[in-house]
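Biologist: I have a model open here and would love a close look at one part of it. Could you walk me through that part and then link it to its surroundings?

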Amino acid sequence: MLFNSIIYGPIHSRRLGTSLGVELMPIDHKLCTFNCVYCECGWNEKVPHPKLPTREEVKTALEEKLISLSGEAGLDVITFSGNGEPTLHPDFLGIIEDTIALRNQYCPQAKVSVLSNSTQLGRPDVVLALKLCENRILKLDAATDEMMRCIDMPVNEQLNVATIMRWLQQFNGDFTLQTCFLRGEHNGQIIDNTTPDELAAWYKVVDTLRPKQIMIYVIDRKTPEENLSKIPREEMERIAAPLIEKGFNVSISA
Ligand code: SF4
């Protein structure tokens with residue numbers, strides 16, 4: 001499933017409410033620094049010169065859409081996500097600055113949210129841009145390198161959980177941690193971030209990072225790897241329970 005325009009929606013998001021989507025990646029294929037086995041956009045494709053929208057094109061498309069929506073029920077959120085990793089856009093910071101100015105002008109109640117896989121948090125411009133937004137929803141699907149690599153298949157094979165954690169600590173807990181729980185198999189490797197060992201490591205990460213919110217969710221649509229199974233709601237509640245008991249704000253989409 002790909003989003004085929006710079007601006008899409010508004011759609012009702014199960015996690016965010018009424019959301020206007022902004023697509024900074026190509027509209028005809030996915031471009032991401034991960035290649036998650038569960039990605040709704042399918043597998044990465046090798047495209048020599050991916051075409052990204054310019055900062056000006058994004059600004060114009062967003063302004064036109066916000067003008068066309070004036071008078072309708074308010075947006076809850078303007079969300080950057082879509083066909084890959086939005087922070088890969090070289091003008092990400094400028095685009096966020098434009099978006100905040102347009103939001104302030106046309107729909108001041110809406111929050112600006114970015115769903116990111118956390119792989120670009122070593123770049124100061126990306127961190128600055130994310131700090132300007134109201135919601136930073138940052139992915140960490142597993143707390144062990146082995147499971148993170150099985151689930152997310154980072155393009156940079158050297159990327160590890162310790163580095164991502166160090167980057168996430170730049171936000172001092174002011175972010176939403178997002179984790180997809182799943183089980184299955186890919187290329188003969190068992191995928192399961194719900195084992196006691198994996199969960200123990202993940203709880204430890206949560207305790208260290210202390211995110212202001214935690215979103216845990218399950219696969220919901222067709223996945224590129226078909227040998228995956230959805231974790232039942234009751235099990236997701238069991239996963240969340242120890243964190244809720246400690247006072248963490250946990251939402252479950254299952
Ligand atoms: S990080 Fe998101 S867009 Fe990238 S592969 Fe994973 S699910 Fe897909």
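Biologist: Against which elements do the buried residues of helix 5 pack?

Modeller: Happy to help! A word on the ground rules: this is a predicted model, in which local features need pLDDT of at least 70 and side-chain atom pairs count only at pLDDT 80 or more, while totals for chains, interfaces and linings use all residues. Residues are numbered from 1 along each chain as its sequence is written, and side-chain values use heavy atoms, with hydrogens and water left out.

Now to your helix. The buried residues of helix 5 pack against strand 5 (135-139), helix 4 (145-152), strand 6 (176-180) and helix 6. Helices here are DSSP runs of H or I with at least four residues, strands are runs of E with at least two, and both are numbered from the N terminus. Helix 5 spans residues 161-168, and 6 of its 8 residues are buried. Buried means under 20% relative accessible area, exposed means over 50%, and partly exposed lies in between, using a 1.4 Å probe and protein chains only. The buried residues are Val161, Thr163, Ile164, Met165, Trp167 and Leu168.

Next, the loop that leads in from helix 4. Met153 lies in the loop between helix 4 and helix 5, and its phi is near 40°, a positive value in a residue other than glycine. In general, most residues other than glycine have a negative phi. Met153 counts as partly exposed because its relative accessibility is 24%.

Met153 also takes us to strand 7 (residues 182-186), where His186 is found. Leaving aside neighbours within four places in sequence, His186 is in contact (heavy atoms within 4.5 Å) with Val37, Trp43, Met153, Ile191 and Glu225. With a relative accessibility of 9%, His186 counts as buried. Asn187 lies in the loop between strand 7 and strand 8 (189-192), and Asn187 is exposed, at a relative accessible area of 70%. Asn187 has a positive phi too, near 50°.

Helix 6 (residues 196-209), one of the partners of helix 5, has a helical neighbour of its own. Its axis and that of helix 7 (residues 233-245) come within 11 Å and cross at roughly 35°. Those axes are lines fitted to C-alpha atoms over the stretch in contact, and angles run from 0 to 180 degrees between N-to-C directions. Helix 6 passes helix 7 in a right-handed crossing, meaning that the near helix is turned clockwise from the far one by less than a right angle. On the helix 6 side, Leu199, Trp202, Tyr203 and Val206 meet Arg238, Ile239, Pro242 and Leu243 of helix 7. By class, that contact has 7 nonpolar residues, no polar ones and 1 charged. Ala, Val, Leu, Ile, Met, Phe, Trp, Tyr, Cys and Pro count as nonpolar, Asp, Glu, Lys and Arg as charged, and the others, Gly among them, as polar.

Trp202 turns up once more, in the largest nonpolar core: of its 78 residues, Tyr38, Phe80, Trp202 and Ile216 touch the most other members. Such a core is a set of buried Ala, Val, Leu, Ile, Met, Phe, Trp, Tyr and Cys residues joined through side-chain atoms within 4.5 Å. Phe80, for its part, is in contact with residues including Val22, Leu24, Ile95 and Val114, leaving aside neighbours within four places in sequence.
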